[in-house]
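User: Please look at this model and answer some questions about its domains and its DNA contacts.

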There are 2 protein chains.
Amino acid sequence: MSLRNAVMATLLDGESSGYDLAKAFDASVANFWMCTPQQLYRELDRMEADGLVAARVVEQERRPNKRLFSLTGKGVEELSRFTAAQHKPAAIRDELLVAVMAADSGDLEAVKASITRRRRWAEAKVERYERLRAKLLGGRTEEEFLATAERVGPYLTLLRGLSFERDNVRWCARSLTVLERRGARLDAAT
Amino acid sequence: MSLRNAVMATLLDGESSGYDLAKAFDASVANFWMCTPQQLYRELDRMEADGLVAARVVEQERRPNKRLFSLTGKGVEELSRFTAAQHKPAAIRDELLVAVMAADSGDLEAVKASITRRRRWAEAKVERYERLRAKLLGGRTEEEFLATAERVGPYLTLLRGLSFERDNVRWCARSLTVLERRGARLDAAT
DNA sequence: TCAACCTAGTCAACAAGTTGAGTATGCGAG
DNA sequence: CTCGCATACTCAACTTGTTGACTAGGTTGA
């Protein structure tokens with residue numbers, strides 16, 4: 001029920017097509033609300049039917065037409081009601097951690113390779129987020145930004161993503177060290 | 001498809017009932033694989049049908065009977081195959097972050113209250129994880145533990161949970177400060 | 001010039017996750 | 001003596017999320 005709210009929170013930045021929303025999600029919202037483009041298109045249709053967003057078709061040359069969605073008054077109200085509600089605890093699903101939990105009786109080398117991939121991925125995320133942060137700050141210091149910006153919400157969620165990925169990088173490094181030593185021990189035992 | 005694998009990774013610790021698995025998940029696996037007890041019971045039935053786990057009924061006095069599940073050889077193989085596979089990127093869904101993103105046009109006070117609740121919850125998690133860690137170490141130093149333990153996987157996933165929740169506490173504190181200041185600014189503007 | 005990728009979607013089928021209720025007993029605190 | 005919590009589940013209905021295939025023109029690089 002709350003992909004809707006994530007979409008509406010993104011539309012606070014102004015009207016957007018389903019395609020652009022998908023990219024925006026991928027770039028920054030994915031950190032706390034993952035979804036596929038298909039989910040977005042389906043949900044946008046439902047939201048339009050429920051009067052939370054309004055769509056207008058923009059005809060384009062040399063490109064397929066697109067539908068731009070914007071928040072309606074009802075949408076803003078709904079979103080506001082959501083912010084006042086009780087929220088479910090966060091749900092995380094991470095296959096890599098499942099594999100690490102089973103690493104001792106599984107394919108140790110493959111798990112180490114997976115952690116290395118994850119680490120590189122997290123490092124790339126950190127860089128992206130830092131670029132996004134610099135863009136949001138727009139040359140101002142954080143203090144200046146917080147004192148003058150209209151919205152601080154997206155900045156705070158970005159900070160959460162940033163420290164989450166930094167933490168990921170640290171954990172990957174630590175785990176690799178531990179598993180490396182374990183591998184050496186097991187080799188010595190044979 | 002990989003709740004199965006999370007269940008099997010847990011069963012590496014020995015046979016367990018659906019009810020106990022639910023508690024184990026709630027206590028430590030929930031950190032990277034949330035699920036409801038109903039999901040577990042359903043999945044265990046399917047896993048039994050697929051020959052990944054074996055069940056035996058234990059009749060109890062003064063208590064309902066229970067079915068204890070244990071990994072079969074096929075289950076161990078499947079799990080090992082999983083550790084060698086490519087893993088999907090982690091999926092996170094956190095309503096609180098959605099609310100924070102929309103806080104600027106929503107109910108600021110309610111969002112602050114939600115962050116405070118989350119912070120207390122995260123602090124409680126940190127304590128639980130620290131107790132679990134002490135229990136795993138069993139008086140040994142981390143170094144001793146890593147050198148002698150049969151399994152290091154569950155320890156590594158526990159470390160991930162621990163630093164995730166510590167990070168949560170920090171982020172909650174920081175966000176509250178920022179939103180507090182913003183509230184003061186908006187009050188001054190009226 | 002051919003392949004690959006970008007824009008901007010749609011449709012259908014299936015898998016997974018959530019919610020609420022129901023069953024039955026035992027134990028301890030107030 | 002009753003209320004609530006713990007044990008140990010089951011069933012059914014519903015909502016979400018995932019996967020793969022399809023359309024169709026435009027741009028970029030080898």
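The questions below concern a predicted model.

User: How much area is buried between domain 1 of chain A and domain 2 of chain A?
Analyst: Chain A is divided into domain 1 (3-84) and domain 2 (95-189), and their centres are 28 Å apart over C-alpha atoms. Eight residues of domain 1 are in contact with nine residues of domain 2. Carbon and sulfur atoms give 41% of the buried area between these two domains, which is about 640 Å².

User: Which three residues supply 60% of the area that domain 1 of chain A buries against domain 2 of chain A?
Analyst: The side of domain 1 that touches domain 2 has four nonpolar, two polar and two charged residues. No other three residues of domain 1 supply more of its buried area than A:Ala27, A:Asn31 and A:Phe32.

User: What is the count of salt bridges between domain 1 of chain A and domain 2 of chain A?
Analyst: The side chains of A:Asp13 and A:Arg151 meet in a salt bridge, at 2.8 Å from N to O. For the two domains of chain A, the salt bridge count is one.

User: Which part of DNA strand C lies 2.8 Å from a polar side-chain atom of B:Arg42?
Analyst: Sugar and phosphate make up 70% of the strand C atoms within 4 Å of the protein. A:Gly18 has a backbone N or O atom 3.5 Å from a phosphate oxygen, and A:Arg63 has a polar side-chain atom 3.4 Å from a sugar or linking oxygen. For B:Arg42, the partner at 2.8 Å is a base nitrogen.

Terms used:
Residues are numbered from 1 along each chain as its sequence is written. Chains are lettered from A and ligands numbered from 1 in the order in which they are written. This is a predicted model: local features need pLDDT of at least 70, side-chain atom pairs count only at pLDDT 80 or more; totals for chains, interfaces and linings use all residues. Side-chain values use heavy atoms; hydrogens and water are left out. Domain bounds come from an automatic or database domain assignment. Contact means heavy atoms within 4.5 Å. Buried area is the accessible area (1.4 Å probe) that two parts lose on being put together, summed over both. A salt bridge is a side-chain nitrogen of Lys or Arg within 4 Å of a carboxyl oxygen of Asp or Glu. Ala, Val, Leu, Ile, Met, Phe, Trp, Tyr, Cys and Pro count as nonpolar, Asp, Glu, Lys and Arg as charged, and the others, Gly among them, as polar. A residue is near a molecule or strand if one of its heavy atoms lies within 4 Å of it. A polar contact is a pair of N or O atoms within 3.5 Å; within protein, one must be able to donate a hydrogen and the other to accept it, and residues adjacent in sequence count only if both atoms are side-chain atoms.
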